Amino acid sequence: MDALRKQASKLREQVAKQQQAVIKQFSSSGYESSDVVVIDEVEMQRHHQLEKLYRATRAGKDFQKEIVKAAETFTAIGYKHIETGTKLSEDCCKYGAENNSDNILSKAASVYGDARKHVEKEHEELNRLLSTQVLDPLRQMINGVPLEDARHLAQRYSRMRQEAEAQREEIARRQARVREAPTAEQVAKLHAAEARMQELKANMAVLGKEAAAALAAVEAQQQRLTFQRLVAMVEGEKTFHLRVAAILGEIEAEMVSDRQKKESAPPVGISENGTEKTMYFLAEATHPFSGESEKELSFSKGDFVVVRKGSQSGWSEGECNGIAGWFPSAYVEKRQRIPSSNMAGEVY
């Protein structure tokens with residue numbers, strides 16, 4: 001019965017160890033974290049160094065993936081923006097061509113349509129930059145051989161360390177059995193376990209140094225490349241927005257200028273009802289005005305003007321010194337109202 005109990009206890013221990021090994025395998029991030037001193041303090045420092053580098057390279061890879069995901073989204077939105085902007089450009093140009101009359105809307109539509117084409121070209125350039133300067137280099141490093149090789153070395157070291165931990169426990173058991181029954185067989189098994197431990201120690205020293213160097217090189221490359229790609233993204237977006245702002249600034253200035261010219265220009269003419277009695281009034285110029293065309297009336301401050309028509313655009317038509325024309329209504333001040341039947345045609 002005692003032998004059966006011992007055998008059952010031994011089986012339970014083996015099952016428990018196997019369960020712990022399976023749990024570690026599926027819950028581990030690839031490099032097993034442990035604070036157990038397997039060999040000595042030097043090895044413990046190497047273990048912590050590798051654990052730190054392994055986590056750093058994993059975090060760097062995850063961050064690169066997030067940048068790639070964002071850049072892919074920006075690119076997809078950019079292509080949709082280009083498609084919508086191109087359609088709007090075509091519609092604006094079509095409206096301007098089909099309504100080619102002297103009005104500010106048709107001209108503004110044509111101007112905006114042409115400018116929109118340049119905006120979409122800038123968007124295409126930004127998408128090209130994101131693809132060649134950000135996406136391609138980051139994808140290449142994420143899926144690159146150096147990163148995977150370095151991480152595989154660290155994983156091999158982690159598995160070897162777990163084996164050394166198990167071997168240390170095996171040595172402790174062999175030492176206990178030798179103390180209980182120092183037979184030649186038990187002593188031989190103890191020496192074999194110790195020799196295996198020395199072999200693992202030597203292999204771990206070489207592999208740990210190699211894995212640490214590989215991971216450190218990959219981490220430095222990750223930091224450098226990711227920083228460069230972020231700078232490229234910032235510079236690309238900055239250039240894009242500055243160029244688009246310049247394009248939109250130019251067309252805005254042109255649109256506003258056209259509107260101001262249209263609103264400040266004297267009206268072409270005002271229809272009059274011949275049977276309607278027209279009332280004139282005498283006004284004094286409060287500001288000098290110099291006409292820029294034959295339709296506009298020039299006068300000096302203090303001149304008297306007979307005002308005959310007014311328009312909602314802010315211009316009036318009148319006569320001064322025997323010359324008729326249009327002038328800004330705000331440049332004169334009303335002095336006396338005169339019935340049109342009393343007008344002699346000239347004012348002296």
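These figure legends walk through several close-up views of a predicted model.

**Figure 1. The whole chain at a glance, with helices leading and strands following.** Let's start with the overall picture before zooming in. The predicted chain holds 5 helices and 5 strands, and along the sequence they run in the pattern α-α-α-α-α-β-β-β-β-β. The chain has 348 residues, and 32% of them count as buried. Its accessible surface comes to about 22,000 Å², with 53% of that area belonging to carbon and sulfur atoms. Among contacts between residues at least 6 apart in sequence, 69% join residues at least 24 apart.

**Figure 2. Helices H2 and H4 pack against each other.** Here the view moves to a helix pair. H2 covers residues 41–98 and H4 covers residues 145–180. Their axes lie 11 Å apart, at an angle of about 145 degrees, and H2 passes H4 in a left-handed crossing. On the H2 side, the contact is made by Glu43, Met44, Arg46, His47, Leu50, Tyr54, Thr57, Arg58 and Lys61. H4 answers with Leu147, Glu148, Arg151, Ala154, Gln155, Tyr157 and Arg161.

**Figure 3. A salt bridge within helix H3 joins Arg116 and Glu120.** Which residues does a search for salt bridges pick out here? A search of the whole structure finds 19 salt bridges, and in this view the side chains of Arg116 and Glu120 meet at 2.7 Å, N to O. Both residues lie in helix H3, 4 residues apart, about one turn of the helix. Arg116 is buried, because its relative accessible area of 11% is under the 20% cut-off. Glu120 is also buried, with a relative accessible area of 3%.

**Figure 4. Glu170 and Arg174 form a salt bridge within helix H4.** The two side chains meet at 2.8 Å, N to O. Because Glu170 and Arg174 are 4 residues apart in helix H4, about one helical turn separates them. Are these two residues buried or partly exposed? Glu170 counts as partly exposed at 21% relative accessibility, whereas Arg174 is buried, with a relative accessible area of 14%. Arg174 also has company from further along the chain: leaving out residues up to four places away in sequence, Arg174 touches Gln186, Lys189, Leu190 and Ala193.

**Figure 5. Arg196 and Glu199 form a salt bridge within helix H5.** Helix H5 takes in residues 184–264. The closest N and O atoms of Arg196 and Glu199 are 3.3 Å apart. Because these residues are 3 apart in the helix, about one helical turn separates them. Arg196 counts as partly exposed at 27% relative accessibility, and Glu199 is partly exposed too, with a relative accessible area of 42%.

**Figure 6. Three charged residues share a network of salt bridges.** This view gathers Glu72, Asp136 and Arg139, which are linked in the network. Glu72 falls within the span of helix H2, residues 41–98, while Asp136 and Arg139 fall within the span of helix H3, residues 104–142.

**Figure 7. Tyr95, Ile104 and Leu105 make a nonpolar surface patch.** The patch covers about 270 Å². Ile104 is found in helix H3, which spans residues 104–142. How accessible is Ile104? At 37% relative accessibility, Ile104 counts as partly exposed.

**Figure 8. Ala164 of helix H4 sits 6.4 Å from Leu200, C-alpha to C-alpha.** These two residues are 36 residues apart along the chain. Ala164 lies in helix H4 and counts as buried, at 0% relative accessibility. Leu200 falls within the span of helix H5, residues 184–264.

**Figure 9. Trp326 pairs up in space with Trp315.** For the last view, we turn to the strands. Trp326 has its place in strand S4, residues 323–328. Is Trp326 buried or exposed? At 7% relative accessibility, Trp326 counts as buried. Trp315 is 11 residues away from Trp326 in sequence, and their C-alpha atoms are 6.5 Å apart in space.

Note on methods. Residues numbered from 1 in each chain as written. Predicted model: local features only at pLDDT ≥ 70, side-chain atom pairs only at ≥ 80, totals over all residues. Heavy atoms only, no water. Patch = residues over 30% accessible without salt bridge, like charges linked within 9 Å, V, L, I, M, F, W, Y side chains within 5 Å. Areas by Shrake-Rupley, 256 points an atom, 1.4 Å probe, with all protein chains shown as cover. Salt bridge = Lys/Arg side-chain N within 4 Å of Asp/Glu carboxyl O. Helix = DSSP H or I, 4+ residues; strand = E, 2+ residues; numbered from the N terminus. Buried < 20%, exposed > 50% of the residue type's maximum accessible area, 1.4 Å probe, protein only. Axes fitted to C-alpha atoms, helices over the stretch in contact; angles between N-to-C directions. Left-handed = near helix turned anticlockwise from the far one by under 90°. Contact = heavy atoms within 4.5 Å.
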